[in-house]
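Me: Could you take a close look at one part of this protein for me, the salt bridges, and show how they sit relative to the rest of the chain? I'm new to this, so please go step by step.

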Amino acid sequence: MTSIRPFEMSDLFKFNNINLDNLTETFNMPFYLAYQSRWPESFVVAEGPGTTLGQQSHTSTTISSGGGSTISSTSSIHSIPNASTGPSLMGYMLAKAEGAGNLWHSHVSAVTVCPTYRRLGLAKVLMDDLETYSSQVYNAYFCDLFVRSSNALAIYMYQKFGYVKYRRVLGYYSGEDAEDAWDMRKALKRDVNKKSVVPLDHPIYPEDLEW
């Protein structure tokens with residue numbers, strides 16, 4: 001079974017299986033330390049069970065997908081008899097609270113799942129957990145995140161989660177793979193009239209961002 005727990009700094013030595021993905025950003029150590037010290041409740045990992053490996057061992061993962069249903073995945077591993085592994089990291093959420101007034105919100109800096117554990121509903125579990133915390137603890141108006149404009153699969157996934165394309169940020173991603181970003185938002189309970197998610201009718205530049 002999968003468990004959600006607070007991120008520990010030792011996890012930085014365990015998440016290569018998650019971060020070795022061309023669409024997953026890897027930040028420097030001070031970045032992760034800042035999130036763990038300031039917003040530890042919003043920096044969490046999804047952890048799978050450990051495995052004792054024999055000639056053939058089976059790992060089964062079950063995740064709730066909402067509506068009372070579950071999704072299961074089973075895989076087989078062939079390895080050295082009596083070898084063992086500890087719990088494996090399946091994915092993580094990196095978020096924070098920021099803003100002022102009616103722009104007080106939760107911002108998702110990263111939510112990513114190891115390729116082995118994708119299509120199990122784990123990203124939704126992590127997002128739902130943050131949204132619940134954002135409403136009940138932060139009392140935020142909305143959650144937001146940035147996604148590459150070319151990442152159609154991620155955009156579609158977030159739209160299924162209830163996020164809307166709020167505004168386009170021109171040149172948000174710099175470097176060799178420079179491109180625009182979509183600022184996507186989802187209104188929370190505090191924003192009764194959903195004013196925070198009414199799309200802008202024009203793009204903006206990174207320097208125009210409030211936070």
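**Salt bridges in context**

Reply: Sure! Let's start with the whole chain: buried residues make up 42% of its 211 residues. Keep in mind that this is a predicted model. The chain has 4 helices and 11 strands. If you take the contacts with a separation of 6 or more, 66% of them are between residues 24 or more positions apart. On the outside, the chain exposes about 11600 Å², and carbon and sulfur atoms supply 53% of that.

Before the charged pairs, a quick stop at the nonpolar residues. The largest nonpolar core has 43 residues, and Met93, Met127 and Tyr158 touch the most other members. Several elements supply at least two residues each, including helix α3 (122-138) and strand β11 (179-187). Hang on to those two names, as they come back below. Strand β7 gives the most to this core, with 7 residues. Take Met93 as an example: leaving out residues up to four places away in sequence, its contacts include Phe43, Val108, Met127 and Leu130. There's also a second, separate core of 6 residues, with Val169, Tyr173, Ala181 and Ile204 among them.

Now for your salt bridges. A search of the whole structure finds 11, and three of them make a nice tour.

Stop one is Glu131 with Lys186, where the closest N and O atoms are 3.0 Å apart. This pair links distant parts of the chain, since Glu131 is in helix α3 and Lys186 is in strand β11, 55 residues apart. Both Glu131 and Lys186 are buried.

Stop two is Arg167 with Asp183, whose side chains meet at 2.8 Å, N to O. Here too the pair links distant parts of the chain: Arg167 is in strand β10 (residues 164-173) and Asp183 is in strand β11, 16 residues apart. Are these two buried or exposed? Arg167 has a relative accessible area of 6%, so it counts as buried. Asp183 is at 0% relative accessibility, and therefore it is buried as well. The cut-off behind both calls is under 20%.

Stop three is Asp11 with Arg5, the closest N and O atoms being 2.8 Å apart. Asp11 is buried, and Arg5 is too. Which residues join these two in a network? Salt bridges that share partners tie Arg5 and Asp11 together with Lys14 and Glu47.

To pull it together, find β11 on the model: Lys186 in that strand pairs with Glu131 in α3, while Asp183 in that strand pairs with Arg167 in β10.

How values were computed:
Residues numbered from 1 in each chain as written. Predicted model: local features only at pLDDT ≥ 70, side-chain atom pairs only at ≥ 80, totals over all residues. Heavy atoms only, no water. Buried < 20%, exposed > 50% of the residue type's maximum accessible area, 1.4 Å probe, protein only. Contact = heavy atoms within 4.5 Å. Areas by Shrake-Rupley, 256 points an atom, 1.4 Å probe, with all protein chains shown as cover. Core = buried A, V, L, I, M, F, W, Y, C linked by side-chain atoms within 4.5 Å. Salt bridge = Lys/Arg side-chain N within 4 Å of Asp/Glu carboxyl O.
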